[in-house]
Every structure is written in C-alpha cells, then in structure tokens.
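Open the model in your viewer and keep the sequence panel beside it. The stops below say what to select and what is there.

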Amino acid sequence: MVLRLPRRTRSLTVLASLAVAAAALAPLPAASDPAPPPAAAPPPRTVSAWLPYWDQDNAYETALRHAGQLHTVSPFWYEAKPDGRVAKHFSAEEQRVIDGLHGAGIQVVPTVMEKMPRGALAALVTDPARRAAHVENLLAVVGSRAYDGLDLDYETIAPTGDADYQQVRDGYATMVTDLCRELRALRKQCVITVSPKTAGTGRVWDYARLGAAADRLRIMAYNLHWAEGRPGPLSTPAWYDDILTRATAEVPREKLEMGLPAYGWDWAVGSPGRARHVTSQSAEVLRRKVGVPYHLDPASSTPHFTYKEGGTTREVWYQDARGTAAHLPVLRRHGVHRTVLWALGFEDPELWRTLATP
C-alpha cells in the first residue's frame with residue numbers, strides 16, 4: 001500500500017530535501033573564515049628633551065625621574081663659531097651626566113647651537129671649503145665622547161633676506177646631507193632642529209632635503225608670539241595643524257619630532273622692551289603669588305593672566321599640561337608620534353602624565 005501525503009505536505013517535503021542538498025553544497029559560514037586582522041594601533045608617543053646647560057643639575061635629575069618615558073636627551077653643550085670651530089659651554093661634557101643618562105637607558109645626542117652675527121652662518125654654509133671644515137669639526141665632537149649622535153640647532157639662518165636665501169637654503173641642506181652621511185657611517189644619529197614652515201615663515205629650510213638626510217627633523221613649534229613681539233600664545237592647535245600639514249607633505253611622518261614648549265613670556269603691556277622668560281613652573285608660582293585665577297584661553301588652549309607691577313600692566317602667556325593635552329590631538333591626526341620638550345626642568349610636573357596618554 002502506498003501512503004499518499006496531502007499535496008501541501010508533499011510540497012514541504014520536497015522543499016526541505018532541496019534545502020538540505022543546498023546546505024551540503026554551500027560554503028562554510030563566514031564565521032569560520034579567518035577573522036580580519038585588527039587595525040594597527042598607532043605607535044606609542046616618544047618623548048625627547050633638551051637639557052639646558054645653565055640649569056644642568058635640575059634638568060638632569062628631572063631626566064632620571066622620567067627615564068621610563070625619555071627616548072633621547074640633548075644637552076645644550078656646544079656652540080658653532082663663525083670660523084667653523086665648535087666651542088663648549090661651561091658645563092659641557094660632564095661625564096656623570098653622560099653615564100647617568102646612558103645607565104637609565106636614555107640616548108645622549110648633544111645639541112650644537114649658534115648665535116652668529118647676521119650673515120656669518122650664511123657665509124659659512126655657502127663656502128664649500130669652510131662648510132667641509134665645519135663638518136669635520138662636528139664629527140670631532142661626536143667622536144670625543146660616547147655620544148649617540150648630534151643635534152644641529154642653527155637658528156640665525158632663519159632671517160636670511162630675499163637676495164640670497166636660495167643660496168643659503170641650498171648650502172645648509174648640502175652641509176646637513178654631508179654631515180648626516182658621515183654620522184650614519186659611524187652609526188650615529190643625525191638630528192636637525194628647524195623652525196616651523198608656514199605660509200609666511202620658514203622658506204629658508206629645505207624640509208624635503210633635510211628630512212631625507214636626517215634621522216629626525218625637530219620642529220620648534222613654539223614662539224608664535226615671542227619675547228620681542230606682542231603678547232599672545234606660544235602656540236595654538238590651528239597653528240600646529242598648519243605646520244604639520246606642510247611638514248608631512250615633505251618629510252616622512254616617522255622622522256618628524258614636534259617641539260613642545262614648557263615655558264612662556266611675561267610682557268610689559270605697551271612697552272617695546274623684551275619680555276621676561278618664565279618656565280611653566282615659575283609662571284604658576286607667579287600666578288598664585290599675584291592672586292589671579294587660572295584661565296585657559298579657549299582659542300589657543302594655553303593659560304594666561306595679567307597682573308600689575310607698580311604702574312605697569314604685565315601679561316603672561318605660557319604652556320602647561322592642560323594646554324598641551326588640547327594640542328596633542330593635532331599631532332595624532334597627522335600621524336606624528338614623536339615629541340621633544342623645551343626644556344627639562346621647565347615643565348609642569350603633570351605634563352609627564354599627559355605625554356604618557358595614547
């Protein structure tokens with residue numbers, strides 16, 4: 001006897017059979033496929049810092065307290081002269097400092113700075129023979145101690161005039177290229193410090209050539225308002241965005257090291273005189289002493305205050321941990337994870353916690 005199912009039941013049975021067959025032929029569910037790799041985490045922020053020779057003991061102790069965060073310390077120890085010599089500052093080459101930093105796992109890359117008369121540096125870098133002799137003197141410095149490299153901070157080149165800036169720009173870039181090649185052969189780092197390039201500043205720096213030659217290009221991202229100008233913030237997030245938009249177009253991001261200020265200026269309002277230098281710490285001491293409330297300027301994300309000294313109104317702008325925290329997102333957006341602090345011993349103590357955040 002043949003059992004006949006109702007038409008609806010027979011249809012459901014056929015559909016079920018087809019579904020089983022299709023399932024057998026189908027690929028494994030997507031859940032069994034290898035999971036896509038997780039998005040790469042951004043590299044951790046590195047912190048380097050300059051060590052001022054005029055406050056060496058304090059700066060050195062600060063470095064040791066924060067050795068776990070510090071990548072490189074650059075003692076401000078040497079000065080280039082117009083004749084190409086490299087002179088020492090009075091506290092340079094202290095072996096205790098070199099050994100202590102190395103013992104804490106910190107690289108020591110001393111800075112060679114200069115404060116030559118107008119035009120003297122330009123004359124040095126545009127003369128091939130003098131330029132080559134200066135490179136040899138710089139190599140003698142790096143070989144004189146157990147240094148990990150050199151940092152060049154040649155700032156009087158910045159105000160070169162229209163008539164010869166292209167020649168000076170090329171001469172300096174050639175000197176840096178020659179120096180970095182020799183340092184690399186010695187397995188030493190070549191670090192070059194420059195001022196920011198914006199629509200109206202920094203054209204004398206050939207970022208592309210300097211970035212190609214150097215291991216790191218340090219941008220002094222401060223002094224938007226400076227000691228001999230009008231009062232105002234040392235930096236702003238918008239200015240940082242402008243600086244990094246231009247810099248990352250010419251230099252690999254991993255080579256850029258953004259300079260952060262740990263100081264400020266105290267201007268006499270309406271006076272043509274030079275402003276007084278304050279550190280982040282001394283500015284806070286002064287603010288409390290004169291009894292002014294803390295205020296973070298919303299436009300620049302930097303603290304500032306005014307006070308009276310005799311009959312003079314004084315205006316102070318500086319940077320601290322809260323202000324820096326508002327600036328760091330700009331670096332993240334541009335993929336820049338290296339920072340360098342001016343300078344050890346100047347900073348708001350809370351800044352180290354801020355710099356430790358991703």
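## The disulfide

This is a predicted model, and it holds one disulfide. Select C180 and C190: these two residues form the link, with their sulfur atoms 2.0 Å apart. The link is left-handed, at -55 degrees about the S-S bond. It joins distant parts of the chain, with C180 in helix α6 and C190 in strand β7 (residues 189-194), 10 residues apart.

Are the two cysteines buried or exposed? C180 has a relative accessible area of 1%, under the 20% cut-off, so C180 counts as buried. C190 is buried as well, with a relative accessible area of 0%.

## Helices α5 and α6

Stay with helix α6 (residues 165-185) and add helix α5 (residues 128-144) to the selection. The two axes come within 10 Å and cross at roughly 40 degrees. The crossing of α5 and α6 is right-handed.

Now show the side chains where the helices meet. On α5, select R131, H134, V135, L138, L139 and V142. On α6, select G171, T174, M175, L179, E182 and L183. The residues of this contact divide into seven nonpolar, three polar and two charged.

## The five-stranded sheet

Next, show the strands from β10 to β14. They make an open sheet of five strands in the order β11-β10-β14-β13-β12, with antiparallel pairing. β11 (276-279) and β12 (296-297) stand at the edges, and each has a single partner strand, so one side of each is left without a neighbour in the sheet.

Zoom in on β13 (residues 302-309) and β14 (residues 312-318), which run antiparallel and are joined by six bridges. Select T306 and look across to β14, where E315 stands opposite.

Then bring in helix α9 (residues 280-290). Which strands does α9 lie across? They are β10 (263-268), β11, β13 and β14, and α9 runs at about 100 degrees to β11.

## G264 in β10

The last selection is G264, which lies in strand β10. G264 has a relative accessible area of 0%, so it is buried.

Show the residues in contact with G264. Leaving out residues up to four places away in sequence, G264 touches:

- L234
- R276, H277 and V278
- W317 and Y318

To finish, set a distance label between the C-alpha atoms of G264 and T279. It should read 5.9 Å, for two residues that are 15 residues apart in sequence.

How values were computed. Residues are numbered from 1 along each chain as its sequence is written. This is a predicted model: local features need pLDDT of at least 70, side-chain atom pairs count only at pLDDT 80 or more; totals for chains, interfaces and linings use all residues. Side-chain values use heavy atoms; hydrogens and water are left out. Two strands pair if DSSP finds at least two bridges between them. Helices (H or I, at least four residues) and strands (E, at least two) are DSSP runs, numbered from the N terminus. Contact means heavy atoms within 4.5 Å. Axes are lines fitted to C-alpha atoms, for helices over the stretch in contact, and angles run from 0 to 180 degrees between N-to-C directions. Buried means under 20% relative accessible area, exposed over 50%, partly exposed in between (1.4 Å probe, protein chains only). A crossing is left-handed if the near helix is turned anticlockwise from the far one by less than a right angle, and right-handed if clockwise. Ala, Val, Leu, Ile, Met, Phe, Trp, Tyr, Cys and Pro count as nonpolar, Asp, Glu, Lys and Arg as charged, and the others, Gly among them, as polar. A disulfide is a pair of cysteine sulfur atoms within 2.5 Å.
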